[in-house]
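Subject: Structure for you to look at

Hello,

Here is the structure I promised to pass on. Please open it and keep it beside this email as you read.

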Amino acid sequence: MPDRPATAARPLVMGVVNVTPDSFSEGGRFAAPAAALAHARALIADGADLLDIGGESTRPGADPVSPADEIARVVPLIAAIRAESALPISVDTMKPAVARAAMAAGATMWNDVTALRHVPDSLATAAELGCEVVLMHLQGEPRTMQAEPRYDDVVAEVAAFLTARAEAAIAAGVARDRIWLDPGIGFGKHMTRHNLPLLGGLDRIVALGFPVLLGVSRKRFIAALDPAGGAPDGRLGGSLAAALAGVAAGVAAVRVHDVRETAQALIVWRAIAAAKS
Ligand code: HH2
């Protein structure tokens, strides 16, 4: 059995593998099965502690994918990785049928950007599967979430939502120690007015008492702060800065595209922290 990531003592690096034609940062580069497996192998060699496999883009306006098509994208890849590596594998999906097929193929974590709200079945399926779950905050729904996000106090509202979703999961039978929380940077959040206070207040999300996963890699708020960053793969510096801010606040894992660079940033960060007298 793969190690349970939640028990790790240091922040983990979750490498992103999108098997989609339309993901915001990779735009279909790894949509072909062989390319996706080669990319997963490269991320493992780069030092990923776990992999997150996604078969449907969550970007605003992305085309919906049927459960059968999503399963056909992610399951062969999960099985192929599992055949050669014991690394924990997460599946990034809103659909219980996809989560179920992914766990049967060797995944151990269900990363759900809707926090198990997409269909009524989601909570019961997560409890039945007994897998780890990532409950992420999202205001609205993916296709329209960036239209007009509104908050009075973004940190308090995200914390209240995540607490309520954790309680709903536990009430449905998900074990407390299987639950991760994620503030959902970029999901129904104004580029700077909401994402930045949320990143500044991450310690209050960490204080809820669950391991926190943070996804900031290559996100658009970085380009809003530094228009010279331009295309997603020009946002590495901002991605590392935001990931380290999360680590300073106590997050348990960062979800990233640039695994090697993030792993190196964490090595240097920890070495400096250890040298403090
Ligand atoms: N971000 C994305 C997708 N899934 N899951 C969690 N838990 N947290 C995140 O911040 C998060 C996520 C968006 O990034 P990406 O997968 O690169 O793009 P796309 O959804 O277009 O495939």
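Below is what was found in it, part by part.

**Confidence**

This is a predicted model. The average pLDDT of the protein is 92. A score of at least 70 is reached by 93% of the residues. Residues 1–7 are another matter: pLDDT stays under 50 there. The model still gives that stretch 19 contacts beyond four places in sequence. Where pLDDT is low, the predicted coordinates should not be read in detail.

**The sheet**

Start with the strands. Eight of them form an open sheet, with parallel pairing. Their order is β6-β5-β4-β3-β2-β1-β8-β7. Which strands stand at the edges? They are β6 (179–182) and β7 (213–214). Each has a single partner strand, so one side of each has no neighbour in the sheet.

Now look at some of the pairs. Strand β2 covers residues 50–54 and pairs with β3 over four bridges, in the parallel sense. In this part of the sheet, I53 sits opposite V91 of β3.

Strand β1 (residues 12–18) runs parallel to β8, and four bridges join them. L12 has A253 in β8 as its bridge partner. On the β7 side, two bridges link β7 and β8, again in the parallel sense. There, L214 is partnered by V254 of β8.

Which way do the residues of β8 (253–256) point? A253 and R255 point one way, while V254 and V256 point the other way. All of these are buried. This fits a general pattern: in a regular strand the side chains alternate between the two faces of the sheet.

**Helix α3 and the glycine after it**

Helix α3 spans residues 96–105. Its buried residues are P96, V98, A99, A102, M103 and A105. What do they pack against? Their partners are two helices, α2 (67–84) and α4 (121–129), and two strands, β3 (89–92) and β4 (109–112).

G106 comes just after α3 and has a positive phi of about 125°. It lies in the loop between α3 and β4. Is G106 buried or exposed? Its relative accessibility is 17%, and buried means under 20%, so G106 counts as buried. Leaving aside neighbours within four places in sequence, G106 is in contact with I78 and R82. I78 is 28 residues away along the chain, yet the C-alpha atoms of G106 and I78 are separated by 6.5 Å.

**Empty space**

Rolling a probe the size of a water molecule over the atoms shows where empty space is left.

The count gives one cavity of 30 Å³ or more. The largest cavity has a volume of about 30 Å³. Its lining is made up of S217, L236, S239, L240, A243, V256, D258 and T262. Helix α9 (residues 236–249) gives the largest share of that lining, with four residues. By type, the lining has four nonpolar residues, three polar and one charged. V256 of β8, one of the buried residues noted above, is part of this lining.

The second largest pocket holds about 240 Å³ of space. It is lined by 17 residues, and the closest to its centre are M94, H118, E141, P142 and R143. The lining of this pocket divides into six charged residues, six polar and five nonpolar.

A good place to begin is β8, with V254 and V256 pointing one way and A253 and R255 the other.

Best wishes

Notes. Residues are numbered from 1 along each chain as its sequence is written. This is a predicted model: local features need pLDDT of at least 70, side-chain atom pairs count only at pLDDT 80 or more; totals for chains, interfaces and linings use all residues. Side-chain values use heavy atoms; hydrogens and water are left out. On a 1 Å grid over the protein atoms alone, a cavity is a set of points where a 1.4 Å probe fits but cannot get out, and a pocket is an open set with protein on both sides within 12 Å along at least five of seven lines; lining residues have an atom within 4 Å of a point. Grid points are joined across faces, edges and corners, and a volume is the space filled by probe spheres set on the points. Ala, Val, Leu, Ile, Met, Phe, Trp, Tyr, Cys and Pro count as nonpolar, Asp, Glu, Lys and Arg as charged, and the others, Gly among them, as polar. pLDDT is the predictor's confidence in each residue, from 0 to 100. Contact means heavy atoms within 4.5 Å. Buried means under 20% relative accessible area, exposed over 50%, partly exposed in between (1.4 Å probe, protein chains only). Two strands pair if DSSP finds at least two bridges between them.
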